[in-house]
Amino acid sequence: MSQLLSGKTAVITGSAQGIGLAIAERFVAEGARVVLADLNAEQVMAAAAGLGDDSVARGVACDVTSGDDVERLIASAVDAFGAVDVMVNNAGITRDATMRKMTEDQFDQVIAVHLKGTWHGTRTAAAHMRERRSGSIINLSSISGKVGLMGQTNYSAAKAGIVGLSKAAAKEVAYLGVRVNAIQPGLIRTAMTEAMPERIWEQKMTEIPMARAGEPSEIAGVATFLASDLSSYMTGTVLEVTGGRHM
Ligand code: NAI
């Protein structure tokens with residue numbers, strides 16, 4: 001069977017678990033070498049070890065809110081595997097609360113991890129990829145950034161910001177052979193969403209035409225498409241992966 005990512009190296013942030021780990025698993029299955037990066041050092045090392053030996057997967061401790069950390073991450077991937085072909089900016093947190101109750105710190109934390117973290121990852125990967133005249137950057141937005149969700153003024157702002165960031169970056173580096181695209185997942189079954197109260201989960205379910213939550217592997221499939229040459233003429237796009245919710 002032909003593999004979509006053979007010979008490519010990918011860096012995936014926030015990949016100790018959830019969607020990021022599912023993307024790493026699928027990339028490895030498609031022949032890629034992967035560097036998994038996460039705030040949770042112990043968990044990301046174990047996750048990388050679960051994907052294969054050092055010649056296939058490595059774990060790196062990294063806080064995406066730190067530009068220095070992200071530069072070290074890209075440098076270590078280049079050191080280990082020679083180049084970075086694919087960068088997935090996936091690390092994320094939620095600090096949900098209505099505007100009335102949300103603290104300034106909760107707003108700042110979410111903006112720092114998602115928006116600034118994605119900016120660090122996009123610019124650092126692009127600086128490396130432009131020299132090679134090739135690369136695919138994939139940024140995790142959310143359907144929350146398209147429609148705005150109650151209790152998520154911080155998260156919706158960050159995820160909408162990621163769309164603007166991705167499009168602006170796509171325009172800057174398109175002529176250099178570097179593509180930048182975004183994915184907007186809907187309700188995906190991970191630790192992030194399983195923390196939601198049952199009542200909210202049920203209410204979201206009524207909004208989904210396909211009448212089920214998505215699995216992390218279903219985001220990984222779309223990320224694989226964007227990482228591979230199947231999407232070679234796509235940049236600056238936003239792909240909704242929502243089972244039809246908020247189409
Ligand atoms: P998750 O909570 O299972 O995993 C997120 C990972 O990011 C964790 O391993 C965490 O340690 C890591 N992380 C957090 N802050 C970090 C930092 N500063 N630096 C490095 N790593 C950090 O979440 P999930 O569900 O897998 O989400 C992945 C991405 O997909 C996020 O960007 C999320 O906003 C987005 N998304 C998820 C949806 C869902 O329904 N699960 C829906 C729409 C978007």
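This report covers the ligand site and strand β6 of a predicted model.

## The ligand shell

The ligand is surrounded by 27 residues. Gln17, Asp38, Asn90, Tyr155 and Thr190 are the closest. Sorted by class, the shell holds 13 nonpolar, 11 polar and three charged residues.

Four helices each contribute at least two shell residues. They are α1 (18–29), α4 (104–132), α6 (153–173) and α7 (191–194).

## Polar contacts and cover

Three of the closest residues place side-chain N or O atoms by ligand oxygens. For Asp38, the distance from a side-chain N or O atom to a ligand oxygen is 2.6 Å. Gln17 has a polar side-chain atom 2.8 Å from an oxygen of the ligand. For Thr190, a side-chain N or O atom lies 2.6 Å from a ligand oxygen. On its own, the ligand has 830 Å² of accessible area, and the protein covers 93% of that.

## Strand β6

Strand β6 spans residues 178–185 and is mostly covered. Eight of its eight residues are buried. Val178, Val180, Ala182 and Gln184 point one way from the strand. Arg179, Asn181, Ile183 and Pro185 point the other way. Both sets are buried.

## Neighbours of β6

Strand β5 (residues 135–140) runs parallel to β6, and six bridges join the two. Gly135 sits opposite Val178 of β6.

β6 also runs parallel to strand β7 (residues 238–241), with four bridges between them. Here Ile183 has Leu239 in β7 as its bridge partner. Ile183 is one of the buried residues of β6.

Note on methods
Residues are numbered from 1 along each chain as its sequence is written. This is a predicted model: local features need pLDDT of at least 70, side-chain atom pairs count only at pLDDT 80 or more; totals for chains, interfaces and linings use all residues. Side-chain values use heavy atoms; hydrogens and water are left out. A residue is near a molecule or strand if one of its heavy atoms lies within 4 Å of it. A polar contact is a pair of N or O atoms within 3.5 Å; within protein, one must be able to donate a hydrogen and the other to accept it, and residues adjacent in sequence count only if both atoms are side-chain atoms. Accessible areas come from the Shrake-Rupley method with a 1.4 Å probe; for residues, only the protein chains shown count as cover. Ala, Val, Leu, Ile, Met, Phe, Trp, Tyr, Cys and Pro count as nonpolar, Asp, Glu, Lys and Arg as charged, and the others, Gly among them, as polar. Buried means under 20% relative accessible area, exposed over 50%, partly exposed in between (1.4 Å probe, protein chains only). Two strands pair if DSSP finds at least two bridges between them.
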